[in-house]
Structure formats: structure tokens, C-alpha cells
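User: I am new to this structure and would like a close look at a single part of it. Please pick one position in the interior, follow what surrounds it, and then work outward to the rest.

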Amino acid sequence: MFERFTKDARAVVTGAVEHAEEAGAGSVDAEHLLLALLDREGSRASFALAALGLAERGDAVRQALGRARRRAGLSQADTEALAGLGIDVSEIVARVEEAHGAGAMDRDGQGRRPGRRRPFGKGAKETLEKALRIAVARRDRHIGDEHILLALTVRPGVSGEVLADHGVTHESVTRVLYGGGATKAG
């Protein structure tokens, strides 16, 4: 599959690995792919993100991802569902951090053995597989960073939720990249 990746898509994957390493994560996940997409300039995905106003709100996205990491990767929807059952995730996080220190529930850094390559987690693998399916469905001969962005918008979980919270949906990205308005990526 990776032989079909464009230079920009490969840079996103490499950037995701770097984000995972910087965070001390046990594996590369979908959130790392999103962070790497936010770092890109001059690519189709970066064009779409800028057209949708996310370029100026990158820090807000990073903060939202950080809050999710503090909740052990639970999305806001998961947190709200648990609240409906009477479970206050914020209270649990506060108590765990009080006892074990700030970031104790952070998924990053757990299970990482020094000197070993960082594996791709389920979320990252599913995102890249979905990017392939999107490219094939569009009859594109390559997998670009725009396909990775589109895959993140349809995948359930923190990355898709954070993107949607900032107005970046599958429909809006598709409109910017492939038509339906005055703004179109070239």
C-alpha cells in the first residue's frame, strides 16, 4: 500500500511517527496522523484545512487532543455517555492525577519498550486503510494526504470528533477538494 502514497502522504506518516516518539507513545495512532497533517504546508490536505479555517485554529485542535489524552483517549461523546450513567470522567481524572501526578491517565508513553520501532495502533491502521478505500472509490491512482484527512473525518473517535467540532467534516473537505463551490484544490 505504501508504494501508492504520495510524497505528502509519506510525510504525514513520518510526521505521525515523530509526534508519537516526542510524546513517548507506545504506538502511532490516528491523533498523531492528525497532528502531522496540521504540520503540513503546500499540500492538498493543508489547502483544505486552510480553506476551512483550521490553519488558524491548529492550537485549539492540539489542545483538544491533549484534553482527550488526559482522559485516557476518551472522546467527548464517550465522556458524555459515561456522564449519562452517573460517571464523572473529569472527577476520575482529577482523583487519579491527585494520587499519581498530572497526566497519569495519558495513553502516551504506556507500553513503550526502548530501542524498538513504534508500531501503528489500531486507529492509525484503520485510518490508512480507509484512506486507501477512499482513493480507490475516487479512482485515484495514488493515496495522498487529502485521503488521510478524509479518512480521519469519517472514522469514529477523538480525531474525527475534534475535526467535526472545528467544522472539518467529510462533506466540507470533499467540497473544498473536489468541487461544489468557488474554492477548489488544484
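Analyst:

## Leu 163 and its surroundings

With a relative accessibility of 0%, Leu 163 counts as buried. This is a statement about a predicted model. Leu 163 belongs to helix α9, which covers residues 158-165. Setting aside residues up to four places away in sequence, Leu 163 touches Leu 34, Leu 54, Leu 149, Leu 152, Thr 153 and Val 168. One of these partners, Leu 34, is 129 residues away in sequence, but the two C-alpha atoms are 8.9 Å apart in space.

Ser 159 is another residue of helix α9. At 4% relative accessibility, Ser 159 counts as buried. Beyond its neighbours within four places in sequence, Ser 159 is in contact with Ala 30, Glu 31, Leu 34 and Leu 152. Leu 34 and Leu 152 therefore appear among the contacts of Ser 159 as well as those of Leu 163, where 0% accessibility makes Leu 163 buried.

Leu 34 leads to helix α2, where it is one of the buried residues. The others in α2 are Ala 30, Glu 31, His 32, Leu 33, Leu 35, Ala 36, Leu 37 and Leu 38. Because nine of its 10 residues are buried, α2 is largely enclosed by the rest of the structure. What encloses it can be named: the buried residues of α2 pack against α1, α3, α4, α7, α8 and α9.

The next step is the nonpolar core. The largest one has 42 residues, and the members that touch the most other members are Leu 37, Ile 148, Leu 149, Leu 152, Val 168 and Val 173. At least two residues of this core come from each of α1 (7-23), α2 (30-39), α3 (44-51), α4 (58-70), α7 (122-137), α8 (145-154), α9 and α10 (170-178). The helix that gives the most is α2, with seven residues. Leu 149, Leu 152 and Val 168 are also contacts of Leu 163. Ile 148, another of the well-connected members, touches Phe 5, Ala 9, Val 12, Leu 37, Thr 127, Leu 128 and Ala 131, not counting residues up to four places away in sequence.

Charged side chains add further links. The count of salt bridges comes to seven. In one of them, the side chains of Asp 8 and Arg 40 meet at 2.5 Å, N to O. Asp 8 lies in helix α1 and Arg 40 in the loop between α2 and α3, so this pair ties together parts that are 32 residues apart in sequence. Arg 40 counts as partly exposed, at 22% relative accessibility.

Another bridge joins the side chains of Arg 44 and Glu 146, at 3.3 Å, N to O. Arg 44 is in helix α3 and Glu 146 in helix α8, so the pair links distant parts of the chain, 102 residues apart. Its two ends differ in their cover: Arg 44, at 22% relative accessibility, counts as partly exposed, whereas Glu 146, at 3%, counts as buried.

A third example stays inside one helix. Asp 59 and Arg 62 form a salt bridge in which the closest N and O atoms are 4.0 Å apart. Being three residues apart in helix α4, the two are separated by about one helical turn. An α-helix has 3.6 residues a turn, so residues three or four places apart point the same way. Asp 59 counts as exposed at 54% relative accessibility, and Arg 62 as partly exposed at 30%. Together with Asp 39, these two residues are linked in a network of salt bridges.

One residue in a loop stands in contrast to the buried positions above. Arg 139 is found in the loop between α7 and α8. At 76% relative accessibility, Arg 139 counts as exposed. Its phi is near 65 degrees, a positive value in a residue other than glycine. Most residues other than glycine have a negative phi.

Finally, the whole protein puts the part in context. The protein has 10 helices and zero strands. Of its 186 residues, 42% are buried. Among contacts between residues at least 6 apart in sequence, 65% join residues at least 24 apart; the contact between Leu 163 and Leu 34 joins residues that are 129 apart. The exposed surface is about 9,900 Å², and carbon and sulfur atoms supply 49% of it.

Conventions:
Residues numbered from 1 in each chain as written. Predicted model: local features only at pLDDT ≥ 70, side-chain atom pairs only at ≥ 80, totals over all residues. Heavy atoms only, no water. Helix = DSSP H or I, 4+ residues; strand = E, 2+ residues; numbered from the N terminus. Buried < 20%, exposed > 50% of the residue type's maximum accessible area, 1.4 Å probe, protein only. Contact = heavy atoms within 4.5 Å. Core = buried A, V, L, I, M, F, W, Y, C linked by side-chain atoms within 4.5 Å. Areas by Shrake-Rupley, 256 points an atom, 1.4 Å probe, with all protein chains shown as cover.
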